[in-house]
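Trainee: I've got a structure open and I'd like to practise reading it. Can we go through it together, one question at a time?

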Amino acid sequence: MVECGVQPSVLAGGDSDQPVVSMIGTGAMLFEAPGDFTLACQRRIWALMDAAAARSDVAEVMPGVTNLMLVFATPPECPAEVAAWLCRAWDTLPEKHIKGRQFDIGVRYGGELGHDLARVAEHTGFSPQDVISLHQEPVYTVCALGSVPGFGYLHGLDPRLATPRKSVPSLKMLAGTVTIGGPQAGISALTGPNGWNSIGFTDLEVFDPMRQPPALFAVGDTIRFYAESVEL
């Protein structure tokens, strides 16, 4: 039996190889998986998402990159019991495989709308053309939606292209900008400040509030990029 009393902010975890479960206020709980951002880890998050969504005390689940937020219908009487259930489910559930749609997306690499291509090349030691070639090779998987409406966090970037986010963000990066942020790839969904590295641009509208659903991508979709043009 898990003791219920004063509710600490961190209910479980601490070791680097163990999940961390934290309360967010009184009405939400965040589960953070251990380890790196891998597709296998994210598939376990998807399995945990389904299991948590089936609970009668959970109103909404929001998967993130190697994490899952639960929004409760009513604040739990014993958060520690829910945290223990999450950890048991994480240890026992099999990976969930989602067969989503496939998107082939044309990119105009470089130029004014991909002006960080040179920065990525300098950081990685590749030529700009090699960066473009390596960016096009993988099949990317949409692991989670978040940050801004419709933005998909993509797994699959060649680790050799990982480039830190900029310390000074672009103040008005256009929606449709193809980006690299750390070990992840993405396409900006809305125009605004953005610290990811712009390497190109697509005309594809990934978020449209008048469309149903507004977000073009869903968890489990896959993406291949190809060059429509290159301006170095």
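Mentor: Sure, and keep in mind that this is a predicted model. Let's begin with Asp 158, which has a relative accessible area of 13%.

Trainee: Is Asp 158 buried or exposed?

Mentor: Buried means under 20% relative accessible area. Asp 158 comes in at 13%, so it falls on that side of the cut-off and counts as buried.

Trainee: Which residue forms a salt bridge with Asp 158?

Mentor: Look for a partner of opposite charge, as such side chains can pair when their charged atoms come close. Here the closest N and O atoms are 2.9 Å apart. The partner is partly exposed, at 47% relative accessibility. It's Arg 160.

Trainee: How many salt bridges does the structure hold?

Mentor: Besides that pair, Asp 57 has one with Arg 55, with the closest N and O atoms 2.8 Å apart. Asp 57 is partly exposed, at 21% relative accessibility. Counting every salt bridge in the structure, you get six.

Trainee: What does Lys 96 form a salt bridge with?

Mentor: The closest N and O atoms of this pair are 3.0 Å apart. Lys 96 sits in the loop between α2 (79-92) and β6 (102-110), while its partner is in helix α1 (residues 39-53), so the bridge ties together parts that are 46 residues apart in sequence. Lys 96 is partly exposed at 27%, and the partner is partly exposed too, at 37%. That partner is Asp 50.

Trainee: Now the strands. How many residues of strand β13 (residues 197-201) are buried?

Mentor: This strand is largely enclosed by the rest of the structure. That follows from the count of buried residues, which is five of the five.

Trainee: Which strand do four bridges join to β13?

Mentor: Don't mix it up with β6, which is joined to β13 by two bridges and runs antiparallel to it, with Tyr 109 partnered by Gly 200. The strand with four bridges also runs antiparallel to β13. Within that pairing, Thr 179 stands opposite Ser 198. The strand you want is β10.

Trainee: What is the relative accessibility of Thr 179?

Mentor: Thr 179 is found in strand β10. Beyond four places in sequence, Thr 179 touches Met 173, Gln 184, Ala 185, Gly 186, Ile 187, Trp 196, Asn 197 and Ser 198. It counts as buried, and its value is 0%.

Trainee: How many residues are in the largest nonpolar core?

Mentor: Nonpolar side chains tend to be buried together in soluble globular proteins. Among the members touching the most others in this core are Ile 105, Leu 154 and Phe 225. Elements giving two or more residues to it include β6, α3 (117-124) and β14 (222-231). The full membership is 36.

Trainee: And how many residues does the other core have?

Mentor: That one lies apart from the largest core. Its members include Met 23, Trp 46, Ala 83 and Leu 86. In total it has 22 residues.

Trainee: Last one: over which residues does pLDDT stay under 50?

Mentor: The protein chain averages a pLDDT of 92, and 93% of the residues score at least 70. The stretch you're after has twelve contacts beyond four places in sequence in the model. It covers residues 1-8.

How values were computed:
Residues are numbered from 1 along each chain as its sequence is written. This is a predicted model: local features need pLDDT of at least 70, side-chain atom pairs count only at pLDDT 80 or more; totals for chains, interfaces and linings use all residues. Side-chain values use heavy atoms; hydrogens and water are left out. A salt bridge is a side-chain nitrogen of Lys or Arg within 4 Å of a carboxyl oxygen of Asp or Glu. Buried means under 20% relative accessible area, exposed over 50%, partly exposed in between (1.4 Å probe, protein chains only). pLDDT is the predictor's confidence in each residue, from 0 to 100. Contact means heavy atoms within 4.5 Å. Two strands pair if DSSP finds at least two bridges between them. A nonpolar core is a set of buried Ala, Val, Leu, Ile, Met, Phe, Trp, Tyr and Cys residues joined through side-chain atoms within 4.5 Å.
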